[in-house]
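Reader: I'm new to this one. Can you put it up and walk me through it?
Author: Sure, here it comes.

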Amino acid sequence: MKKDFILATFEDDRQVLAATKKARDKNMPIFDIYTPFPVHGLDEAMGIKRSILPYVTLAAGIMGLMTALALQIYTNSVAWPVIVGGKPANSIPAFIPITFELTVLFGAHTTVAAFLMLNKLYPGKKPHIFDPSQTCHSFIMAFDKSNVNADEVSQLVKEHGAVEVKEESATIK
Amino acid sequence: MAEHVSKLRQPLVPEDRTYKQMSEDVLDTLERKPTKAWLIGFSVSALFLTIGMLVIVYQVSTGIGVWGLNKTIGWSWDITNFVFWVGIGHAGTLISAILLIFRQRWRTAINRAAEAMTIFAVACAGLFPLIHMGRPWLAYFVFPYPNTLGSLWVNFKSPLLWDVFAISTYLTVSLVFWYMGLLPDLASVRDRTKSKLRKAIYGAFALGWDGSTRTWHHFEVLSLILAGLATPLVLSVHTIVSFDFATSVIPGWHTTIFPPYFVAGAIFSGFGMVLTLLIITRKVMNWENYITVGHVEAMCKVIILTGTMVGLAYGTEFFIAWYSGNPYERYAFINRAFGPYWWAYWTMISCNVISPQFFWFKKLRRNMTFVFIITIFVNIGMWFERFVIITTSLHRDFLPSSWAMYSPTWVEIWTFIGTFGLFFTLFFLFIRFLPGIAIAEVKSVKRYGQKNEEPVNVIA
C-alpha cells in the first residue's frame, strides 16, 4: 500500500542522532531512518525494541544439542551397538565434540534465517530506495505523513541540519 | 551506549575522507577495467589451478597408489596440507569474531579479506581428505544417514568423524557470517553502479537491503551472536584436528598438549598468510589509507605472541618426552631433531621460533618489506611443523623392522601447488568482484580517535 512520507536528508550521523532524540522528546513518530552504516545509539534513540534474535539462537542451540545427543545415543546403543576401543556403547564423553558442533551449526544457521525473515530480506527483493546515497553517505529520516504535522517536522529537522526535506509516496515492503 | 575511547589513540581512517570518498576508494576498483597486475596474477593462479585439477583427475582415476605413501607412512603430504590449510583458515575468524568481542576496532578494515581467506583456505583443506578417500564420489558416506547397508552408522567415537562435523560447521558458519557482513556493501554497489547488469546481479545478492535502522539493529545483534558462536567454534576446529593425532597411540602424537598447541599454531600461520596477502593487496589496490602500517604492526604482535607459544610447546613436548621415561616417546623426539628428517625439524624451529622474534623491534614491525619476508618464513615454517609432526612420527615407531622413509611424488607436489592455484584464483576473483574492505564497518569507526569527537553544533 502506498504511503506518503516526509523525508529529511542529513549528511552527518551526529545530526541525525540529535534530531531523532528531539523528535522522540516531542512525541513525533519516526517511520524509519535509512543509514549507510549502523549509527551508534540511533536504534535506542528511535525506541526500537530489543531484537529477539538471542532467544532464537538459544532455542536453536538447544535443538542442535538434543538432536546431536539423540542421534549419537540412538545409533550407538539402540540401532547398531559396536564396541570401539573397549568403550561402552553409550560413551557420552566421545559424543561431546559432535554435540558442540551441532549446537553451533543449528544456532548459527537458524539465527541467520530468522534475521532474514524478521527483516523480510530475500533474493530478488526490490527494496524501495528513496535515494541511492542512503547506502553510501546520507542519512534519511522518514516520517509517515498521516502521523505527523508536516510543518513541525520540517522545522525540527532543519534546526538539526537537514540538507533537504521533501515529500514522496512509496510502498515499503 | 557510551564509548570509552582514549583521545591518545591513532585515528583508523584518514581524517579528511568523507563517507562518500570512502565508498569511492573501495568500490571504484570494482567498476574499472582490471589492471595488468590483476590479469597477470589471475592468469598464473588459474593456470596452476588447471594443472592441479588435471593432476586430481589423474590420481582419482588411477588410484592414490601414485602417491609416495607406503605401509609404514600412511599419512604424509595429504594430511600435512590439510592441516596447513585448515590452520590458515583460523586467522579470518579470529579477526572477525574474537577481535569483535574484544572490541578491537582496527579489525574493521581487514576482516572482510581475512574472512574470505578463511573460506578459501578451508575449501583447499577439504580437498585433501576428499582425494584421500580414493573414491570421492562416495564422500557422502561420512555423514550419518539412514541406509540399507545393514543400518550401518558412522563411528561417532572417532576423531575423524568429529573432524567431518567440525570442518563442515566451520565452513558453513564462516560462509554465512561473511555473507551477512557483505549485504550492506553489496547494496552500496547496487545503488551506485550505472551498469544494468551489475545492478541486477549485486541487487539479487544484496537481498533487498535498504539500510533501515530496524534492520541495522538486528544486524548488529546478529553479528555479535555469530561472533560469539564462531569464537568457541574456531577454537574447537583445530582442537578436533589435533585429536586426529592425539587420540592415537603413536609416539610423538599421543600428547595432551596438542589442542592448545595446534590452536596457537593455527592462528600463527593464519596471521602469517593474512599479512602476506594484505601487504600486497594494500599496495596493489591503493588501500594504504585503510589497511595501515598500524594494522600490520598489530598483526605482527599477534605473530610474536602465538609464535612464542608455539616455541614453548616445542620445548614442552621435548621436555616431557624425556621426563616421561617412555623410550619410544623419547626416541621419537630425538629422531625428529637428529634423525634423517633433521633438516625439516630445524627449518621448522628457525622459521617458527626464531624468525618472529624480530618483531620485538618496532622499526622492523613497521618495515613492510621486512614483515613480508618474515611472513613467508612463517608460512614455510608452519607447513614444516605439520610435516614434522606427521611424517617423522610415523616413519620410525615401535618396530625397527617396519621403519621406512617417505618422499613425495610429482603427483602430491602438483596437487599441493594446485591448491595454491585454487586459493589465489578465488582471492583474485574476490578482490575484483566484491568489496574487499567492509566499508559500512569502516565508516562506523571513522570518528575513532579523531579530534572532532564532540557533537557538532546544532542550531536549536
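Author: One term before the sheet: two strands pair if DSSP finds at least two bridges between them. Helices (H or I, at least four residues) and strands (E, at least two) are DSSP runs, numbered from the N terminus. This is a predicted model: local features need pLDDT of at least 70, side-chain atom pairs count only at pLDDT 80 or more, and totals for chains, interfaces and linings use all residues. Residues are numbered from 1 along each chain as its sequence is written, while chains are lettered from A and ligands numbered from 1 in the order in which they are written.

Reader: OK. What is the strand order in the open sheet of chain A?
Author: The order is S2-S3-S1-S4, four strands with antiparallel pairing. Strand S2 (32-34) and strand S4 (164-170) of chain A are the edges, each pairing on one side only. From one strand to the next, the twist averages 25°. Angles here run from 0 to 180 degrees between N-to-C directions, and axes are lines fitted to C-alpha atoms, for helices over the stretch in contact.

Reader: How many bridges join S1 to S3 in chain A?
Author: Six, between S1 (residues 3-10) and S3 (residues 139-144), which run antiparallel. A:Phe10 stands opposite A:Phe139 there.

Reader: Which strands of chain A does helix H1 lie across?
Author: H1 (residues 13-25) of chain A lies across S1, S2 and S3, at about 25° to S3(A).

Reader: Domains next. How is chain A divided?
Author: Into domain 1 (3-49 + 125-170) and domain 2 (53-118). The bounds come from an automatic or database domain assignment. Their centres, taken over C-alpha atoms, are 45 Å apart.

Reader: Now the two chains. How many residues of each are in contact?
Author: 65 residues of chain A are in contact with 55 of chain B. Contact means that the C-beta atoms, placed from the backbone, lie within 7 Å.

Reader: Which element of chain A gives the largest share?
Author: H4(A), with 17 residues. By class, chain A's side has 35 nonpolar, 21 polar and nine charged residues. Ala, Val, Leu, Ile, Met, Phe, Trp, Tyr, Cys and Pro count as nonpolar, Asp, Glu, Lys and Arg as charged, and the others, Gly among them, as polar.

Reader: So what angle does H4 of chain A make with H8 of chain B?
Author: About 160°, with the axes 10 Å apart; H4(A) covers residues 92-118 and H8(B) residues 213-246. That makes the two roughly antiparallel. The cut-offs: under 35 degrees is roughly parallel, over 145 roughly antiparallel, 65 to 115 roughly perpendicular, and the rest oblique.

Reader: And what is the handedness of that crossing?
Author: Left-handed. A crossing is left-handed if the near helix is turned anticlockwise from the far one by less than a right angle, and right-handed if clockwise.

Reader: Which residues meet there?
Author: Among them, A:Phe100, A:Val104 and A:Phe115 on H4(A), and B:Leu222, B:Ile225 and B:Leu229 on H8(B). The residues of that contact are twelve nonpolar, four polar and one charged.

Reader: Inside chain B, at what angle do H1 and H6 cross?
Author: Roughly 75°, and the axes of H1(B) (residues 19-31) and H6(B) (residues 159-192) come within 11 Å. They are therefore roughly perpendicular. B:Ser23, B:Leu27 and B:Leu30 of H1(B) make the contact with B:Ser188, B:Val189 and B:Arg192 of H6(B).

Notes. Two residues are in contact if their C-beta atoms, placed from the backbone, lie within 7 Å.
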